[in-house]
Amino acid sequence: MRSVPSSDELFEIYKELDAMHSWRGWHWWPDAEPFEVIAGAILVQNTSWTNVEGALANLRGANALEPAAMDALTDDALEALVRPSGQYRQKTRKLRAFLGLVASHGSLDALLELHPACLRTALLGTWGIGPETADAIIVYAQRKPAFVIDAYTIRVFGRLGLGPASVSYDEWQRFFVDRLPEDRDLWARYHALIVLHAKHFCRKTRPHCGDCTLRARCTWRASATASAMN
Ligand code: SF4
């Protein structure tokens, strides 16, 4: 049974996560170049950030981390550069679709000046961009409030016994935005901390619960401890 947390409880969890992980590096904090964020948000689909770093390094080395320069590349050249991120043909097509969106608005700056709700609609209408990628672009490239939900969020909060029982993106997003003030920096940092927690402590298998200061409130940890004692 999932409990319904108060805003205060979500803030307490945020502070615990911050205390555990704020010293760790994370690719999108505090600030990153908007087009690099967008390229990374597309390239990270279905792969790890380590693989994305290889693709971004290639793009940077080819001076292609800029819309016009990337657009000038042939498909073969772009595929070769993004190959380390996997699914390189699909990802080339997704980057091209995003470049088409930029072109239809005149420039990346013009696109990022849209109202966030309009930008989200435009992104979701672009081939290869779903809610998670769209919200990552809004919060980390446009720098407007959007709470990103991903599998890490559902894992960590599900283990804490909090949040919707479903895996619906919209329900999970409402769970956070209904309880937290609309604050871009808070939402950007909260998502980053969840990702860091899931990667370093709350792993899919063999999580490092002994190092986790959330363990006293964790239902998953409590049930794992009880079954070990039976
Ligand atoms: S106690 Fe373990 S399972 Fe629970 S949130 Fe922490 S790392 Fe995850």
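**Entry 1: the largest pocket**

I looked up the largest pocket in this predicted model and noted a volume of about 500 Å³. I then listed its lining, which counts 24 residues. V44, T47, E132, D150 and Y152 are the closest of these to the pocket centre.

Next I asked which elements give two or more residues to this lining. I recorded α9 (131–142), α10 (151–159) and α12. Helix α9 supplies the largest share, with 4 residues.

I also sorted the lining of the largest pocket by class. I entered 12 nonpolar residues, 8 polar residues and 4 charged residues.

**Entry 2: the packing of α1 and α12**

Since α12 appears in the pocket lining, I turned to its packing with α1. Helix α1 spans residues 7–21 and helix α12 spans residues 184–200. I noted an angle of about 60 degrees between the two helices, and a distance of 9 Å between their axes. The angle therefore makes α1 oblique to α12. I recorded the crossing of this pair as left-handed.

Which residues make the contact? On the α1 side I listed L10, F11, I13, Y14, L17, D18, M20 and H21. On the α12 side I listed L186, R189, Y190, L193, I194, L196, H197 and H200.

I closed the entry with the classes in the contact of α1 with α12: 11 residues are nonpolar, 3 are polar and 2 are charged.

Terms used
Residues are numbered from 1 along each chain as its sequence is written. This is a predicted model: local features need pLDDT of at least 70, side-chain atom pairs count only at pLDDT 80 or more; totals for chains, interfaces and linings use all residues. Side-chain values use heavy atoms; hydrogens and water are left out. Axes are lines fitted to C-alpha atoms, for helices over the stretch in contact, and angles run from 0 to 180 degrees between N-to-C directions. Angles under 35 degrees count as roughly parallel, over 145 as roughly antiparallel, 65 to 115 as roughly perpendicular and the rest as oblique. A crossing is left-handed if the near helix is turned anticlockwise from the far one by less than a right angle, and right-handed if clockwise. Contact means heavy atoms within 4.5 Å. Ala, Val, Leu, Ile, Met, Phe, Trp, Tyr, Cys and Pro count as nonpolar, Asp, Glu, Lys and Arg as charged, and the others, Gly among them, as polar. On a 1 Å grid over the protein atoms alone, a cavity is a set of points where a 1.4 Å probe fits but cannot get out, and a pocket is an open set with protein on both sides within 12 Å along at least five of seven lines; lining residues have an atom within 4 Å of a point. Grid points are joined across faces, edges and corners, and a volume is the space filled by probe spheres set on the points.
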